[in-house]
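Please open the model in a viewer and keep the selection tool at hand. The tour below proceeds by selection, from the whole chain to individual side chains.

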Amino acid sequence: MSVIAVFNQKGGVGKTTTCLNLAAAWVRDGANPLLLDLDPQGHLSLASGVVTSPGAGMAAFFQHQTPLLHLLERTRSGWDLIPASPDLSKIDALRGGDPKAAALLSKGMNAVVRERSPILMDCCPNLGVLTLNALLAADYVLIPVAADYLSLQGVFRLSTALDVLEKRLKRIYPRRIVVTRFNPRRKLAFEVDRQLRERYGETVCKTRIAENVALATSPSVSQDVFRYAPHSGGAADYAALAKELSEAGFLQVGRK
């Protein structure tokens, strides 16, 4: 089993789009993914066509220790999701003072069916209790970075924060950075890509996710890009990314 935290402290970088479409790509390859929506905004849940009531989904896990296995919702695309609800926004206030709170998800995953792989976690864009839970439970970290100047600065800070966290936890997180919202007509996009590769080398995925109408519109009809526009550039990009990450060890089937 592989557990992947998809995280960036900056919003609007394609984090949810990446979770949704990587899952879809791996399903096409025979995987059985499970998605966890850890962002109170619930965009991954909405894009998957799953609507949850207040206090349900991941909020029920963190507030009432409801077993994860009891919270699964089947999506139209053929995988299971544990959805978010607005009540997730209360978790920092409710559990932030508890030193054991950051390990809740890691322990709770013992109840998840082990043949599910990968587990993809769509993290909220801040380093609070929810994201710390995801990072403690994760085997790998995937960092989507939009091809613009502010996202470039954000990944510098995020990388430093992960370095500090690794020292505190005394563990190493295999990570990959994927450039998203890449517009080949903009010189800045190539400059951002160049700087990332110079600084982080092979940590940056070879695959870039180009701006694509299908990627932008498919969530509005609760579909991944492979169902919505299987021959689009967006589908081709995410198929290539899934293959690259699988070859890098991000997709492992079996017991952890």
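A residue counts as buried when its relative accessible area is under 20%, as exposed when that area is over 50%, and as partly exposed in between. By this cut-off Lys15, at 7% relative accessibility, is buried. Lys15 will be selected again below, in a model that is predicted.

**The whole chain**

Begin with the protein chain in cartoon view. Its secondary structure consists of eleven helices and seven strands. The radius of gyration is 17 Å, close to the 18 Å that the globule rule gives for 256 residues, so the chain is as compact as a globular protein of that length. When the C-alpha trace is aligned along its principal axes, it spans about 50 × 40 × 35 Å.

Next, display the surface. The protein chain exposes about 11,300 Å², and carbon and sulfur atoms supply 53% of that area. Of the 256 residues, 55% count as buried. Among contacts with a separation of 6 or more, 78% are between residues 24 or more positions apart.

Colour the charged side chains now. There are 31 positive and 23 negative charges, and their mean positions are 3 Å apart. Side chains of opposite charge can pair when their charged atoms come close. How many salt bridges does the structure hold? The count is eleven, and the following selections show some of them.

**Lys15 and its two partners**

Select Lys15 and Asp39 and show their side chains. They meet in a salt bridge, with an N to O distance of 3.7 Å. Lys15 belongs to helix α1 (residues 15-28) and Asp39 to the loop between β2 (34-38) and α2 (43-47), so the pair ties together parts that are 24 residues apart in sequence. Is Asp39 buried or exposed? Asp39 has 6% relative accessibility and therefore counts as buried.

Keep Lys15 and add Asp122 to the selection. The side chains of Lys15 and Asp122 also form a salt bridge, at 2.9 Å from N to O. This pair links distant parts of the chain: Lys15 is in helix α1, and Asp122 is in strand β5 (residues 119-123), 107 residues apart. Asp122 has a relative accessibility of 1% and so counts as buried.

**Glu166 and Arg175**

Move to Glu166 and Arg175. Their closest N and O atoms are 3.2 Å apart, and the two residues form a salt bridge. Glu166 is buried at 11% relative accessibility, and Arg175 is buried with a relative accessible area of 14%. Returning to the earlier selection, salt bridges that share partners join Lys15, Asp39 and Asp122 into one network.

**Two backbone positions**

Most residues other than glycine have a negative phi. Two residues in this chain merit inspection on that account.

Select Lys170, in the loop between α7 (149-169) and β7 (175-180). Lys170 is not a glycine, although its phi is positive, at about 55 degrees. Its relative accessibility is 78%, so Lys170 counts as exposed.

Then select Ser222, in the loop between α9 (213-217) and α10 (225-228). Ser222 likewise is not a glycine and has a positive phi of about 55 degrees. Ser222 has a relative accessible area of 13% and is buried.

**Ser85 and its surroundings**

Select Ser85, which lies in the loop between β4 (80-82) and α4 (91-95). With a relative accessible area of 2%, Ser85 is buried. Which residues are in contact with Ser85, leaving aside its neighbours within four places in sequence? They are Pro40, Thr52, Ser53, Pro54, Gly55, Ala56 and Ala59. Displaying these side chains together with Ser85 shows the surroundings of this residue.

**A distance to draw**

Finally, select Glu191 in helix α8 (residues 187-200). Glu191 is partly exposed, with a relative accessible area of 29%. Draw a line from its C-alpha to the C-alpha of Tyr228: the two residues are 37 residues apart in sequence and 31 Å apart in space.

Technical notes. Residues numbered from 1 in each chain as written. Predicted model: local features only at pLDDT ≥ 70, side-chain atom pairs only at ≥ 80, totals over all residues. Heavy atoms only, no water. Helix = DSSP H or I, 4+ residues; strand = E, 2+ residues; numbered from the N terminus. Rg over C-alpha atoms; globule rule 2.2 N^0.38 Å. Buried < 20%, exposed > 50% of the residue type's maximum accessible area, 1.4 Å probe, protein only. Contact = heavy atoms within 4.5 Å. Areas by Shrake-Rupley, 256 points an atom, 1.4 Å probe, with all protein chains shown as cover. Lys, Arg positive; Asp, Glu negative; His and termini not counted. Charge placed at Lys NZ, Arg CZ, Asp CG, Glu CD. Salt bridge = Lys/Arg side-chain N within 4 Å of Asp/Glu carboxyl O.
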